[in-house]
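User: I'd like to learn how to read single residues in a fold. Where do we begin?

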Amino acid sequence: MPAGTIRYWAAAKAAAGTAEEPYTAATLAEALDAVRERHPGELTRVLQRCSFLIDGAPVGTRSHETVRLAEGGTVEVLPPFAGG
């Protein structure tokens with residue numbers, strides 16, 4: 001199963017209590033399920049509003065179950081940013 005890094009930004013970082021942590025998952029859905037188990041509470045609520053980049057590419061509206069993760073990859077968790 002692929003292993004890589006999840007990086008949290010802004011409100012997601014605050015809710016997770018860390019800037020990054022490892023993942024071991026084949027899909028984005030599996031990685032996020034593991035994150036929700038490790039960080040129940042506020043991070044689970046923040047994730048509902050986040051967008052995600054996988055190795056620099058936006059996930060957009062694709063189903064998280066269909067987004068494959070790579071060995072050594074990076075998942076960026078991006079909450080909505082304020083400002084204009």
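User: Which strand holds glutamate 21?

Analyst: Start with the secondary structure element. In this predicted model, glutamate 21 belongs to strand β2, which spans residues 20-24.

User: How do I place β2 in the sheet?

Analyst: Read the strand order. Five strands make up an open sheet, ordered β2-β1-β5-β3-β4, with mixed pairing. β2 and β4 are the edge strands, each pairing on one side only.

User: In which sense do β1 and β2 pair?

Analyst: Look at the bridges. β1, residues 3-8, pairs with β2 in the antiparallel sense over five bridges. One residue pair to find: isoleucine 6 has glutamate 21 in β2 as its bridge partner.

User: Is glutamate 21 buried or exposed?

Analyst: Compare the relative accessible area with the cut-off. Buried means under 20%. Glutamate 21 has 13%, so it is buried.

User: What does the side chain of glutamate 21 make a polar contact with?

Analyst: Check the side-chain atoms. The partner is the side chain of tyrosine 8, at 2.4 Å.

User: Which residues is glutamate 21 in contact with, leaving aside neighbours within four places in sequence?

Analyst: Scan the list for sequence positions. Gly4, Thr5, Ile6 and Tyr8 are among them, as are Val35, Arg38 and His39.

User: Now threonine 61. Buried or exposed?

Analyst: Apply the other cut-off. Exposed means over 50%. Threonine 61 has a relative accessible area of 84%, so it is exposed. Threonine 61 sits in the loop between β4 (57-58) and β5 (74-78).

User: How far apart are the C-alpha atoms of threonine 61 and serine 51?

Analyst: Set sequence separation beside spatial separation. These residues are ten apart along the chain, and their C-alpha atoms are 9.2 Å apart.

Note on methods: Residues are numbered from 1 along each chain as its sequence is written. This is a predicted model: local features need pLDDT of at least 70, side-chain atom pairs count only at pLDDT 80 or more; totals for chains, interfaces and linings use all residues. Side-chain values use heavy atoms; hydrogens and water are left out. Helices (H or I, at least four residues) and strands (E, at least two) are DSSP runs, numbered from the N terminus. Buried means under 20% relative accessible area, exposed over 50%, partly exposed in between (1.4 Å probe, protein chains only). A polar contact is a pair of N or O atoms within 3.5 Å; within protein, one must be able to donate a hydrogen and the other to accept it, and residues adjacent in sequence count only if both atoms are side-chain atoms. Contact means heavy atoms within 4.5 Å. Two strands pair if DSSP finds at least two bridges between them.
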